[in-house]
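Me: Please take one part of this model and give me a close, formal description of it. Once that part is clear, extend the account to other sites in the chain that can be described in the same terms.

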Amino acid sequence: MVEVLILEVEDPGCFWVTLKGSGPYVANDIEYINMNAEMNQFYNKSGRDADEIKPLMLEEGQICVVFSKELKCWCRAIIKSIMSCTDYYLVECFLVDYAKYIYVKSKDIRIAEDKFMQIPYRAKQCGLYRTKPVTLHINFCEDTAKIIPAKRWDCAAAQYFQSLLKATTEIKAQLCAVEGNKFDVLLYVTIKNEKVCVNDDLVSKNFAHFEESKEIAECPANDEESETSLNAKYPLPLKITHPSLAFNPVLFQEEVAKNVETGHTVSSSFPFKKGLNNHQMSSRDLNGSTESNFQNVSAEGKFVFLSNKIEPSTILETAPLFDELKKELIRKNFLGPNFTESYCWPPIARGCDVLAISHQGNDPLLYIPPLLTFLQSESCYKSLPNRSGPLALIVCPGWKKAQLVFELLKIYSRFSRPLHPMLIIVGQKKEEARDIRIHRGCEVIVTTPYSLLRLFEHHSLLFLRLCHLIFDEIEVLFSEASEQVFTILDYYKKTITIEERLYSPHQIVAVGTCWNKHITELLKEFMNDPYIVITSMEEASIYGNVQQVVQLCLNSERIAVLLRILDLTPKHIEKTLIFTSTTSETEMVHQALRSNSVFSVEIHKEKEFSFEYALQHWSSGTRVVLVLTDDCMQSLGITDATCVIHFSFPSSPRIFGQRLQNMSDNFHNVIEKGSCVDQEHTKARSVLFLTENDACCALGVLRYLERAETEIPRELYDFTARVLEAEEEKKFARPLCTYLKTLGICKNRRVCADRHHINVQTDMPDKIIPTLGCVTVMPLHIINATNYFGRIIDKQKDQYAILAEEINDYFKKPSNKVSVEKVERLALYGLYEEALFHRVQVVEFSPKEEEKFFNVTIKYIDEGRISQVESHQLLQLPARFQCLPPQAVEFIVCSVKPIDNEIEWNPRVTSHIYHKIKGNPHEAKIVLTLGNTVWVEPMVRVTRLSNLKTSVNEYNVRSEILSMGLGTDNPEHIEQLQKLCRRVKVPTHEKNLETLLKEEMASPQSVSSLENIQENSIESCSSSKVTMENHSYDSVAEIKEAEDSTLHQRKCFYPEIKWFQNEETVTVKVKIASISDYKCEFSKEKVVFSACSGDRSYLADLELQQHILAEKSACVIKDKEAVIVLAKEESELWCKLLKNKNPHVSFDFEHWEDFEDEGPFPTGIKKLHYINEVTEWMDSSEDSGTESDD
């Protein structure tokens, strides 16, 4: 044993000590004092030119001497990380004699002279021998708790360990093993004259457990005073060429463990076949190269593509993060860094440009911890303008992901310097973006591309201080908003290229799960020497420009197709691998090739002796074909194949990637200058056989080929279409897709589990639900801004209201409240909630035998919501209360969708609509009914003023959504659903459903108030439209005409129109900007105007109140409007312009005074006369953007 002094403690698995006493690798205090004095005198010597002893370059792992301001002396150190700042580098160093991490400027670093490196480092990293952490695992399902092994030490164990060390008067250590970069010891402490083994004490108190290790030999000595100690004279674990490396675990060049007594090495590398390991490229060789490489980093088959050398941070303790963040991650039971994070964190923390493509590429923790670490270096930003503005901008594909990222930032930024992050989601209302104020001190903004550009219009200095631009889920951003992303990149590039920003940090980080064609431009045009990390081999092959070929054939024809492919291969030397799934297939393919004079070698586990023979031919420089099974890949270690043929379809994406890895030497770097990617004869090629047995994988293959931008055969599209159709048939019993119902389209149809076609049996309208006309609806359960559940109220006789009253009267008697003894699935019961009794249906339950009460999932059949209650809360419901069918109906407001290509409504809209409509009756017009779902347009809140016999339209739900700026028109919504209905022959139910879609959707008996509801109803009572209750349409023909107009407007936008008149003419102004093509047709009673502006079409069909002279009327186009002058047939004033009211047409009050001055009547008389004439028309002119071009 040897006495030690504790320098630093992280946990029982990692602490730093210095040795007391003497030994071959231990210097006494006098030697250290003398060495430090000489070293400080040498580096402080004023007459010496400092430039001569400054290192020419800095790199991680470099030994140096640094000046510590805290210790006020020069110290030996090892460089851990380097961060670029304005005019210098900030370097994180580990002081090897003090076990401290410090940050120093590059100017305070000196070359380590050999004479100061002769004495071993004082600080030695240690861990408790075979003592591993545990944690309490709680199984909520089984209601049990037990102690199990853990990956990290919890806080309680670390605190107890530290308390033992603080209370001790003497500490001794007995060396048991040297494992990797630390000493494993048995630690003994003396507390109150009692010697305690810390290892045993932690185990006895359930802070740890002993682990049986196969790689580390037990220490044979049990005697306390055994010669085996940290000072024992045994061979060092490695051959140390420099004395200063003797006890520096960081610089160990291999991961080995040795038996202390025998010195035998225990290898942890992959056991390759004898004679074949020289073909396996090691990670060390790869890291030694600056070129793009693929690296096999573990025996489990994990691969990574690196464009630059990266030393991975495999454990959290050594990760390039600031200490407080590490502690918080541990408190949150963070299990990382995972494989991808270990490669992404170091370059991001150094401020480098990074592109990461991985299956975990949608995890924000890939970039948040290292970004927060870099932001701690305030000195890096001193050259930036002294004003408010973000340093980092995180761009997410949608509000939902932005919300997640923002929440994570709030959690982890609490332990950093104040960053004041902001989440900014801006709608289409210009005043909203204008009114946003960025908080003083805000240094991180999370937003979406559309919101950012809207914000930038009113905050042009937003990019002035921006240094870090992060793109989350880059492939989604490019597929949904590529134009916006490149606009943001252009703004950023212009900002950082000015001279004032030359020495400030500038970093672009993009992470994603798969490749996108626009990523190449991002790398070449906007990133500076980027670190590319791709852990998905199939995506790396796309980056490497591998030619992807798909061969569709029958399973029985594969041999013939294979021979044809080999015949068509180029004449140059080609190394081909043919992969099969079984040994029998391997032999079959080999025999077929031999029969056709193609030299090949078969390799499978039953012919291991052929491995060396195959590799000899493979390295001979001649054309060779290897036929092999997947389980032989790793043993061969081939990376220079030029062609891989997937004779058998790969069993998983991982296997597919491993096959492609055999060609990694021939992958091209798309950002490398002079890359010969256009030379077909040097291009790696992958040929995939797709047969009828692999139909389930056709969709995945098609998506992969689309990302690879390769030529896709027409047959594959047809085959995929048939597969999709077959998959849809399997979804016969599934519900109709929610996105299809609410938006008219499902963007994820290929992976969506729900149905996307009409099922005649399921989607037949329920007999109790009206299929046409105007109804009164009451939303009770709000799903989102346009999707609700509720009831249709019968104004004549509301059966449910009667039933609800009877149920409540029945259960008022305590004797009637009988709890259910045996719960049955799908049975109806009563439930008391919020002073009311409800009818509920049991959807699901899973009782346990020993439990009397259990949770039951129920559905409120008259409201549509689903909830969970205790089984004892259910009450027996008499049969007479079960006769009335369930009243809950699903309502969907048509022709409106979220902005910015979102598929989910922003919670702000949903919350606003929730508080407006829940529990309130609304008037609505049904445009489509399928099953229990009703599509309505419009849906209006109408308040009746009984004393005045009038009604007031408070708001239109669709207009309310549009007015918030977070919704936009969706004219194709109902059209898409109608197309689905036309594809099937729907049986009649009073009327054929297909006929109902074509017929007009109202009746003369409709509620009178709804007949006056226009698409653009007013939004407040103060300016509301007032109509008489007894007013109605004159005929069914008028209803048909009005609704024909509505359907027509779904195809073409109706422009905003203003008009004014004099006694001879009527002037009509059509508000359309940048008209590119137009047509205006005049007749005696009608004017039809059509025009195009950009990608929008406009149509105004005006049926006039009075007659005009068509030959004298004219149309003139101006910058932002079309002016139509109508010559009146008779010289008189018109009381209104059109026969029928139109919400898009209104009187132009700017010309009111002009008309007044020109008239022959006294001012007061004429004004009163004209007010009476236009009052009726003014009532119908409402302020809304519905179906307009706003």
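Reply: A residue is called buried under 20% relative accessible area, exposed over 50%, and partly exposed in between, with a 1.4 Å probe and protein chains only. The model is predicted, so local features require pLDDT of at least 70 and side-chain atom pairs pLDDT 80 or more, whereas totals for chains, interfaces and linings use all residues. Residues are numbered from 1 along each chain as its sequence is written, and side-chain values use heavy atoms, without hydrogens or water.

The part chosen is an open sheet of four strands, ordered E34-E35-E36-E37 and paired in antiparallel fashion. Its edges are formed by strand E34 (828-833) and strand E37 (866-870), each of which pairs on one side only. On average, neighbouring strands of this sheet are turned by 50 degrees against each other, direction ignored. Such angles are taken between N-to-C directions, run from 0 to 180 degrees, and use axes fitted to C-alpha atoms. Strands are DSSP runs of at least two residues (at least four for helices), numbered from the N terminus, and two strands count as paired if DSSP finds at least two bridges between them.

Strand E36, residues 855-860, is joined to E37 by five bridges, and the two run antiparallel. Within this pairing, asparagine 855 has glutamate 870 of E37 as its bridge partner.

Which residue forms a salt bridge with arginine 839? The partner is aspartate 862, with the closest N and O atoms 2.8 Å apart. Because arginine 839 lies in strand E35 and aspartate 862 in the loop between E36 and E37, this pair ties together parts that are 23 residues apart in sequence. Aspartate 862 is buried at 2% relative accessibility, and arginine 839 is likewise buried, with a relative accessible area of 2%. The term salt bridge stands for a side-chain nitrogen of Lys or Arg within 4 Å of a carboxyl oxygen of Asp or Glu.

The loop between E34 and strand E35 (836-845) holds glutamate 834. The phi angle of glutamate 834 is near 50 degrees, a positive value in a residue other than glycine. Most residues other than glycine have a negative phi, and most peptide bonds are trans. Glutamate 834 is exposed, at 70% relative accessibility.

Further along the chain, serine 895 also has a positive phi, about 60 degrees, although it is not a glycine. Serine 895 sits in the loop between strand E38 (889-893) and strand E39 (896-898). Is serine 895 buried or exposed? At 1% relative accessibility, serine 895 counts as buried.

Glutamate 923, in strand E40 (residues 922-930), is buried with a relative accessible area of 6%. Its side chain meets that of threonine 776 in a polar contact of 3.1 Å. A polar contact is a pair of N or O atoms within 3.5 Å; within protein, one atom must be able to donate a hydrogen and the other to accept it, and residues adjacent in sequence count only if both atoms belong to side chains. In strand E41 (residues 933-945) lies proline 938, and the peptide bond leading to proline 938 from glutamate 937 is cis, with omega near 0 degrees.

By the rule given above, the count of salt bridges comes to 39. Among them is the pair of lysine 812 and aspartate 809, whose closest N and O atoms are 3.8 Å apart. Lysine 812 is exposed at 61% relative accessibility, while aspartate 809 is partly exposed, with a relative accessible area of 40%. Another is formed by the side chains of aspartate 435 and arginine 434, at 3.9 Å from N to O; arginine 434 is partly exposed at 43% relative accessibility.

A further strand pair consists of E52 (residues 1114-1117) and E53 (residues 1122-1127), which run antiparallel and are joined by four bridges. Isoleucine 1117 stands opposite alanine 1122 in E53, and a hairpin of four residues leads from E52 to E53.
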